Amino acid sequence: MEVLNTFFVAPFLDMADSPIFLLEVVIGGLMAGVMYSLVALGFVLIYKASGVFNYAQGAMVLFAALTLVGLMEHHVPLFLAIILTMMVMVGVAFLIERYMLRKLVNQAQIILFMACIGLNFVFEGAGQIAWGSNVKKLDVGIPENAFEVGGVLLDTFDLWAAVIAATMVAVLAVFFQKTSIGRALRAVADDHQAALSVGIPLRTIWVIVWSVSGFVALVAGIMWGGKAGVQFSLVLIALKALPVLILGGFESVPGAIIGGLLIGVFEKVSEVYWGPAFGGAIEGWFGYMAALVFLMFRPQGLFGEKIIERV
Amino acid sequence: MSQERRIGDVILNVENVSLSFGGVKALTNISFDVREGEVRAIIGPNGAGKSSMLNCINGFYKPTEGKITFKGESHAQMETHQAASQGIARTFQNIALFRGMTTLDNVMTGRNLKMKKNFLWQALYYGPAIKEELEHREAAERVIDFLEIESIRKTVVGRLPYGLQKRVELARALAAEPEILLLDEPMAGMNHEEKEDMCRYILDVNEEFGTTIVLIEHDMSVVMDISDRVVVLDYGEKIADGEPDDVRANQRVIDAYLGVQHD
Amino acid sequence: MFYREAGQFKSTYQSDQAIFPIAQDRWFMALVLVVAYVAIPMAADEYWFQAVLIPFYVLALAAIGLNILTGYAGQVSLGTGAFMAVGAYATYKLSTAFPELNIVIVFLMSGMIAAAVGMIFGLPSLRIKGFYLAVATLAAQFFILWVFNKVEWFFNYSPSGTITAPPRELFGYLVTGPRAEPIARYYVVLTFLVVFALAAKNMARGHIGRAWMAIRDMDIAAEIIGIRPLHTKLLAFGVSSFYCGVAGALYIFCWLGSAETEAFDILNISFPVLFMIIIGGLGSVLGSILGAAFITLLPIFLTNAPPAIGIHLGTELQKNIEEIIFGVMIIFFLIVEPAGFNRLWQITKEKMRMWPFPY
């Protein structure tokens with residue numbers, strides 16, 4: 001009886017009790033969700049264009065952020081630092097394409113995934129050797145004060161993050177749908193060898209895609225790093241993005257956004273209202289469980305395409 | 001070529017079967033029967049629904065209407081492993097072999113349904129488990145012998161040339177000792193000698209083991225040569241059904257193929 | 001010329017199916033067992049037991065378990081740590097609740113509990129495939145560890161939240177607990193590894209192994225020829241988790257002595273064990289062992305080799321270099337030899353058969 005109460009009754013009573021607080025929690029969840037979406041976006045881009053699930057995206061975020069901070073610590077002005085970091089990420093994209101992707105054309109997805117795990121280790125190790133592993137503060141000049149709107153507490157920084165994310169998404173959406181490069185990217189995602197055989201310059205495409213993804217990683221890194229400081233745990237973001245991708249489907253930009261927001265909200269709400277009953281830290285697994293349950297009903301995710309198996 | 005074959009009663013009866021995928025009608029109201037011991041060909045232009053028909057028979061697709069009666073039992077819908085355990089085996093248009101395994105292992109998987117000792121016995125690999133494994137190994141080797149693929153039995157199947165892969169697939173299907181063998185374009189992509197060999201094997205199977213054969217094939221000369229009766233499909237509908245010579249002369253059939261005769 | 005099969009004819013199917021059909025292989029295996037059981041214990045010191053051999057054997061066992069699930073049956077799993085944890089915590093609870101129970105029995109029972117948990121988390125594998133399944137196993141990983149962290153009953157309400165292996169004896173020798181001799185623990189772990197490896201090899205060459213591989217290679221075709229996917233996959237999850245559970249129990253009881261859930265988290269167990277089987281060879285018992293050897297030995301090598309040639313790396317730097325090497329090796333193997341060390345070993349044997357002829 002007690003258990004039933006804790007699960008099914010008390011949390012909702014709490015919510016009804018103070019709707020303003022609920023709103024704050026939801027908004028907090030949305031803001032966290034925006035961050036997830038940013039990272040998921042990087043995944044989706046690469047997946048859409050090369051069929052590779054880039055597990056190393058989290059590490060790329062960290063690497064980008066570390067490079068940026070490292071440069072700024074050497075008194076490089078912000079604007080220049082961003083450009084330099086971007087160049088580094090493009091250079092990295094080249095290297096990845098040349099030494100890894102090229103050799104794994106048309107391998108099974110899981111092989112590519114595991115190669116990206118390997119990449120993840122390389123980024124982590126290299127990043128830490130190059131720039132050290134202390135937590136670093138990242139200040140990109142975005143204001144960080146809280147303010148109130150209609151009784152709800154909001155954070156300027158989070159709002160900026162949301163705006164920036166939205167802009168990026170709009171730009172990317174146009175890029176994919178309206179340009180011929182976008183079309184080429186989608187062809188590549190479908191079948192590497194077929195794309196090669198119609199003359200699509202696979203390598204160039206891959207460099208482009210990984211560079212764009214690197215750019216997204218940089219932005220995500222700035223946002224996360226600005227909020228929480230640049231530190232090792234950023235790598236675990238990659239894992240966080242997985243439930244988002246499951247919900248949203250791996251190939252859908254709107255899916256990544258909506259999935260991110262949903263997971264953000266679910267996590268926050270469950271942590272605040274159900275968490276205390278369980279001793280807290282539900283956030284660690286709740287997203288995954290939600291994704292798992294969801295997958296049982298819709299194995300292709302919210303926006304993914306249904307696969308018809310043919311024999 | 002005419003053979004003396006003991007053709008028995010109806011063993012498989014397809015009644016008013018229709019199959020749709022979303023808005024697409026793959027099969028419309030198909031009815032025909034197959035007699036025990038005969039070689040029944042299903043022919044028709046590309047996209048006529050032949051593979052879909054086979055898929056319905058062994059339970060991979062579930063018909064939206066109609067029923068299929070096998071050995072006296074009717075099913076509106078059958079599960080694939082039910083079909084397999086009742087004695088239906090098949091080969092596939094695009095070769096569905098287990099690429100990472102050797103020929104021998106692939107053929108042995110065909111015997112899987114008959115192997116009963118559970119995994120604990122196997123972990124011990126002692127006494128009864130060994131006995132069972134060896135029994136089935138013998139049966140598999142008989143099939144391998146029959147199809148003359150002994151020399152490649154330890155080769156990983158992914159490395160074999162196309163023609164041999166098709167033969168291994170046939171071996172796997174035969175290893176199950178089926179009552180009905182569904183063959184989906186078993187000679188596609190083969191040269192003349194390979195086709196002759198495959199024909200010989202199919203006929204041998206039919207004659208020696210009395211296995212009923214349902215065969216999808218494009219090569220008209222093969223169809224004329226080895227089948228007892230033919231069903232013709234076009235756009236998911238049955239347009240002819242009878243002995244090969246009758247079907248060949250049928251105007252509707254000729255039109256369906258746009259007047260192109262295969263030699 | 002030494003490694004030839006000439007003159008070794010197999011006249012029965014049984015001898016053809018043997019694990020080591022070539023006589024030289026049988027001798028080699030016997031030699032390995034002698035070295036493991038006799039030579040090493042005579043030569044090794046405590047450091048080697050504790051830092052190298054025991055963890056190597058335990059992780060090799062876990063690697064075999066994961067290989068059964070991922071290498072043979074094709075179900076990718078990132079939850080190895082969680083299943084090992086189930087084995088460890090189950091052993092802890094059973095052993096503290098029933099101290100008179102023989103510790104080997106306790107290990108096996110915990111393995112079965114881990115198997116049951118594994119099968120529950122394996123249920124989604126019917127609907128969810130490939131890579132999405134990997135993510136589902138992550139749910140298991142995080143959730144199970146959270147449960148062991150939060151529900152105090154599991155660590156007997158100890159304030160530190162750790163579980164500690166109580167001392168237990170086998171044949172009169174202490175094999176767990178702080179006063180157990182390394183050599184005793186060594187023999188326990190070695191024996192488990194040998195027995196379980198043999199069992200795995202037997203299963204792999206039987207019809208269940210073929211069913212697993214069929215599901216891995218083309219599950220639709222497998223289903224059509226009558227292999228039942230749910231049964232086969234659940235069995236894979238069950239057997240695999242059994243192995244991982246026993247490995248987890250040994251991990252705590254015969255090696256670490258005590259631990260928190262962190263010892264089983266994704267970075268400490270799940271990923272490393274996955275790498276072991278990738279580098280060692282998917283779908284191969286020998287590969288699992290080789291991969292485990294590599295990953296356990298690399299840090300030791302990196303700790304000891306550079307000082308030997310005069311370079312001193314700080315621990316931080318060493319750890320990062322290790323990471324980079326791991327990453328590069330994984331990518332390297334996936335590109336060059338996806339079948340891992342095992343395949344390299346097979347190729348070497350092939351060459352040896354020809355030696356001294358080039359082909």
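In this predicted model, the centres of domain 1 and domain 2 of chain B, taken over C-alpha atoms, are separated by 26 Å. The domain assignment places residues 1-87 together with 178-263 of chain B in domain 1, and residues 95-177 in domain 2. Domain 1 of chain B is thus written as two segments, 1-87 and 178-263.

The two domains of chain B meet through 10 residues of domain 1 and 10 residues of domain 2. On the domain 1 side of this contact, helix H2 (80-86) and helix H7 (192-209) of chain B each supply at least two residues. Helix H7 of chain B gives the largest share of that side, with 3 residues. By class, the side of domain 1 of chain B that touches domain 2 of chain B comprises 7 nonpolar, 2 polar and 1 charged residues.

Attention now turns from the domains to the chains. Between chain C and chain B, 24 residues of chain C are in contact with 31 residues of chain B. On the chain C side, the elements that give two or more residues are helix H1 (13-16), helix H7 (182-205), helix H8 (207-224) and helix H9 (229-256) of chain C. Of these, helix H8 of chain C provides the largest share, 11 residues. The side of chain C that touches chain B has 14 nonpolar, 6 polar and 4 charged residues.

Conventions: Residues numbered from 1 in each chain as written. Chains lettered and ligands numbered in written order. Predicted model: local features only at pLDDT ≥ 70, side-chain atom pairs only at ≥ 80, totals over all residues. Domains from an automatic or database assignment. Contact = placed C-beta atoms within 7 Å. Helix = DSSP H or I, 4+ residues; strand = E, 2+ residues; numbered from the N terminus. Nonpolar A, V, L, I, M, F, W, Y, C, P; charged D, E, K, R; others polar.
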